[in-house]
Amino acid sequence: MAKHLLIVEDDGADLELARLALEASEVQCDLSVARDGQEALDLLRGAGVLPDLVLLDLNMPRVSGHEVLAAVKGDATLQHVPVVVFSTSDEARDRTRARSAGADGYVLKPQHFEELIAALNELGQRWLTPVHPA
């Protein structure tokens, strides 16, 4: 069964780069997109099947990534869903706040396309590699 990735990203250019890098990566998964925090929460709360990983931008309109993270980790139905913050912010306070809210990881968005592919490969290996019974 294919793994499922939800990317929460409001910047169209960043989202397109992520899609292209995902296609160029070794990661095999179904992809869903939310363009802001409210859309992400609506998708997660209405999902019949929850994603295997959420890549979450922090700085978004309507509902911030910090608010999404707190809502997900505070919801008994959603709290087991891995959420990795994927942000341009390298601020210590953002990292600390995300970690305190229960983020499963914090990845600084790479500046170069090849680094983005490598980051997605690494995340894919950790969270999106199908488990095969022994």
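Strand S3 (53–56) and helix H5 (113–128) each contribute at least two residues to the wall of the largest cavity in this predicted model. H5 is the main contributor, giving 4 residues to that lining. The cavity has a volume of about 30 Å³, and a search of the whole structure turns up 1 cavity of 30 Å³ or more. Around the enclosed space sit Leu-5, Leu-22, Val-27, Leu-53, Leu-55, Leu-120, Leu-123, Gly-124 and Leu-128. Sorted by class, these lining residues are 8 nonpolar and 1 polar, with no charged residue among them.

The largest pocket offers another view of the empty space, with a volume of about 260 Å³. It is lined by 17 residues, and those closest to its centre are Asp-14, Leu-17, Lys-109, Pro-110 and Leu-116. Strand S1 (3–8), H1, S3 and H5 each supply at least two residues of this lining, and H1 gives the most, with 3 residues. Here the classes are mixed: 10 nonpolar, 3 polar and 4 charged residues line the pocket.

Leu-17 also appears on the surface, where it joins Leu-20 and Phe-113 in a nonpolar patch with about 230 Å² of accessible area together. Leu-20 belongs to helix H1 (residues 12–24). This leucine counts as partly exposed because its relative accessibility is 38%, between the limits of 20% and 50%.

Now to the charged side chains. Side chains of opposite charge can pair when their charged atoms come close. In this model the count comes to 8 salt bridges. One of them joins Asp-14 to Lys-109, with the closest N and O atoms 3.2 Å apart. This pair connects distant parts of the chain, 95 residues apart: Asp-14 is in helix H1, while Lys-109 is in the loop between strand S5 (105–108) and H5. Asp-14 is partly exposed, at 28% relative accessibility, whereas Lys-109 is at 11% and therefore counts as buried.

Lys-109 has a further partner in Asp-57, with an N to O distance of 3.6 Å. Asp-57 lies in the loop between S3 and H3, 52 residues from Lys-109 along the chain. Both Asp-57 and Lys-109 are buried. Through shared partners, salt bridges join Glu-9, Asp-14, Asp-57 and Lys-109 into one network.

Another salt bridge brings together Arg-62 and Asp-36 (3.0 Å, N to O). These partners are 26 residues apart, with Arg-62 in the loop between S3 and helix H3 (65–73) and Asp-36 in the loop between strand S2 (29–34) and helix H2 (37–46). Arg-62 counts as exposed because its relative accessibility is 62%, while Asp-36, at 11%, counts as buried.

Methods. Residues numbered from 1 in each chain as written. Predicted model: local features only at pLDDT ≥ 70, side-chain atom pairs only at ≥ 80, totals over all residues. Heavy atoms only, no water. 1 Å grid on protein atoms, 1.4 Å probe; cavity = no way out; pocket = protein on both sides within 12 Å on 5 of 7 lines; lining within 4 Å. Points joined across faces, edges and corners; volume = space filled by probe spheres on them. Nonpolar A, V, L, I, M, F, W, Y, C, P; charged D, E, K, R; others polar. Patch = residues over 30% accessible without salt bridge, like charges linked within 9 Å, V, L, I, M, F, W, Y side chains within 5 Å. Areas by Shrake-Rupley, 256 points an atom, 1.4 Å probe, with all protein chains shown as cover. Salt bridge = Lys/Arg side-chain N within 4 Å of Asp/Glu carboxyl O. Buried < 20%, exposed > 50% of the residue type's maximum accessible area, 1.4 Å probe, protein only.
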